[in-house]
Amino acid sequence: MIPLASRHPLDPLSADEITEAVAVLRAAKSLDDSWRFASIELVEPPKSEVAAYAPGAPLARRARIVCWSRTERGSVHSAVLLLGDGVVESWEAHPGKQPNVTVDEFHFGHEALRANPEVIALLADRGITDLDLVIFDIWAFSGYLVPDAHKHRRVGWTDIWRRDSPTSNPYANPVSGLCLLVDLDTGELLEIETDRDTSDGRPMGEYVPELVPGLEQRTDRKPLEISQPEGPGFTVDGNLLTWQNWSMRIGFNHREGLVLHTVAYDDAGRRRPIAHRMSFAEMIVPYRDPTPTHARRTAFDIGEWGLGFMTTSLTLGCDCLGEIRYLDAVLHDALGNPTTIEQAICLHEEDAGVLWKHVDEHAGTEIRRMRRMVVSFHATVANYEYITYWRFYEDGNIECEVRATGIMVTTGFGEQAPPYGTVVDDHTYAPIHQHFLVARLDLDVDGAANTVHMTETAQLPVGPDNPDGIALVQRSTPLR
């Protein structure tokens, strides 16, 4: 155990801790340069240890690592390390399993396919010769869909898109009728699938202003400025955020991205716990189009790729407006080197309209405006952008909103559009799909003995006590 007076048990791993953990594991297990690191994250201590922790007390910090060798099939292992002491507490093999896909593998697969002579020839047959304008969009395979011949490999499959120019939108131009299977360890081209609809729609899908033909920029938008001349009403001390009666710790990891810990509310001097931990555990995006192009298209954006890895830096005036404070996020690449996403998390407070109002002919008008604290981050997952807002209100309410924006996946069709999507133009359609977000909420409202209730309004039957059938009551059902 090492004294870390300035750290808290729930603070994300620092760059130094990531470097230490990788070095210790490499040395202890003689990991050569073929090993890759899928995830390196804090082992969060139990609630009891967090509750008992006093600032400045000796602090045991642990890291969990998932790694594999690109040259040894079936080499996936997970390890837990005690930081500071250089101790590997556990080293467990996971035969037949695959860890999450890394950002490095996405780029590795793209570069390997772009340099492959067979791929170059296939694209040339379609009139595509500038490989700098082509994107090989790697998708992870669901295990049962991997062809039997490749079950032992780490396999990805690809969409292929191309740009009209270096800054144009590739998703406007799908290369239909061609799908590639690639080994993400070796870069080997495993299979070529060409038995698909080869009709290419060519919609105008540009969004960069100078590339949109005939675009007239709006001139009717006047400046909108938000000013807090005395500064924001919240404070940030390391990862501890306090705002009015609220307090919470800001966490971050490769998988979930933003995590909120130890959320509490000060009620007349009494600290009331609300939640031990709040995050999103998974986001499942199944495409509901059974045609060959889309049948295998189901993304687990959190489990397979990681919202943390996909998080992008925020820009004042565009992503965030007002008196903003930012937090950076420290993650890692596949070689185990720490990386920093600058301005990954946005903190700001905002006006939220009228909370309460009443007009009395004698007393006059009384009005209370609503204000809220917002903690947000943005993740770019291929063609989609996900924007997550956690909002905390003065009356004790918590609200979360996740917005999806970005660009549709489109596919060309011939004479007849499949019925499984929306037609974009004469020869292009966007398939129907869904976004299921799975929240992980470890609530501790005034303690651990909590029960979730479903509350709804119910209509009572007509009877002696309800002769006109107008009675409504509220019913609460515990979800056991």
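Guide: Two strands are said to pair if DSSP finds at least two bridges between them, and it helps to keep that in mind here, in what is a predicted model.

Visitor: Okay, so which residue stands opposite Ala430 in strand 24?

Guide: Thr422 is the residue that stands opposite Ala430 of strand 24. The pairing behind this is between strand 23, residues 421-425, and strand 24, which run in the antiparallel sense and share 4 bridges.

Visitor: And what joins strand 23 to strand 24?

Guide: A hairpin does, passing from strand 23 to strand 24 through 2 residues. Strand 24 also has strand 22, residues 411-412, as an antiparallel neighbour, with 2 bridges between them, and there Thr411 stands opposite Tyr429.

Visitor: Are the two faces of strand 24 covered or open?

Guide: Both faces are covered, since Thr428 and Ala430 on one side are buried, as are Tyr429 and Pro431 on the other. As a general rule, side chains in a regular strand alternate between the two faces of the sheet.

Visitor: Switching topic: in what order do the strands of the open sheet come?

Guide: The open sheet has 4 strands in the order 7-8-9-10, with antiparallel pairing. Strand 7 and strand 10 stand at the edges with a single partner strand each, so one side of each has no neighbour in the sheet. From one strand to the next, the twist averages 30°.

Visitor: What packs on that sheet?

Guide: Helix 3 packs on the sheet and touches strand 7, strand 8, strand 9 and strand 10, while its direction makes about 130° with that of strand 7. Helix 4 packs on the sheet as well, touching strand 7, strand 9 and strand 10, and its direction makes about 20° with that of strand 10.

Visitor: Which residues of helix 4 are buried, then?

Guide: In helix 4, which spans residues 117-125, the buried residues are Val119, Leu122 and Leu123. Viewed down the helix axis, these buried residues fall within an arc of 95°, so they line one face of helix 4. The general reason is that an α-helix has 3.6 residues a turn, so residues three or four places apart point the same way. On the other side of helix 4, Pro117 and Asp125 are exposed.

Visitor: What happens at the N-terminal end of helix 4?

Guide: Asn116 caps that end of helix 4, with a side-chain oxygen 2.9 Å from the backbone nitrogen of Glu118. Helix 4 is then followed by Gly127, whose phi is positive, near 80°.

Visitor: New one: where is Arg297, and is it buried or exposed?

Guide: Arg297 sits in the loop between strand 15 and strand 16, and with a relative accessibility of 1% Arg297 counts as buried, because buried means under 20%.

Visitor: Which side chains make polar contacts with the side chain of Arg297?

Guide: Among them is the side chain of Asp159, at 2.4 Å, and the side chain of His294 also makes a polar contact with that of Arg297, at 2.9 Å. Leaving aside residues up to four places away in sequence, what Arg297 touches includes Trp139, Trp157 and Tyr287.

Visitor: Last thing, how many residues apart in sequence are Phe252 and Val330?

Guide: They are 78 residues apart in sequence, yet their C-alpha atoms are 8.2 Å apart in space. Phe252 belongs to strand 13 and counts as buried at 10% relative accessibility. Again not counting residues up to four places away in sequence, Phe252 touches residues including Pro12, Leu331 and Phe377.

Note on methods. Residues numbered from 1 in each chain as written. Predicted model: local features only at pLDDT ≥ 70, side-chain atom pairs only at ≥ 80, totals over all residues. Heavy atoms only, no water. Buried < 20%, exposed > 50% of the residue type's maximum accessible area, 1.4 Å probe, protein only. Arc of directions from axis to C-beta. Polar contact = N/O pair within 3.5 Å; in protein donor to acceptor, adjacent residues only side chain to side chain. Contact = heavy atoms within 4.5 Å. Axes fitted to C-alpha atoms, helices over the stretch in contact; angles between N-to-C directions.
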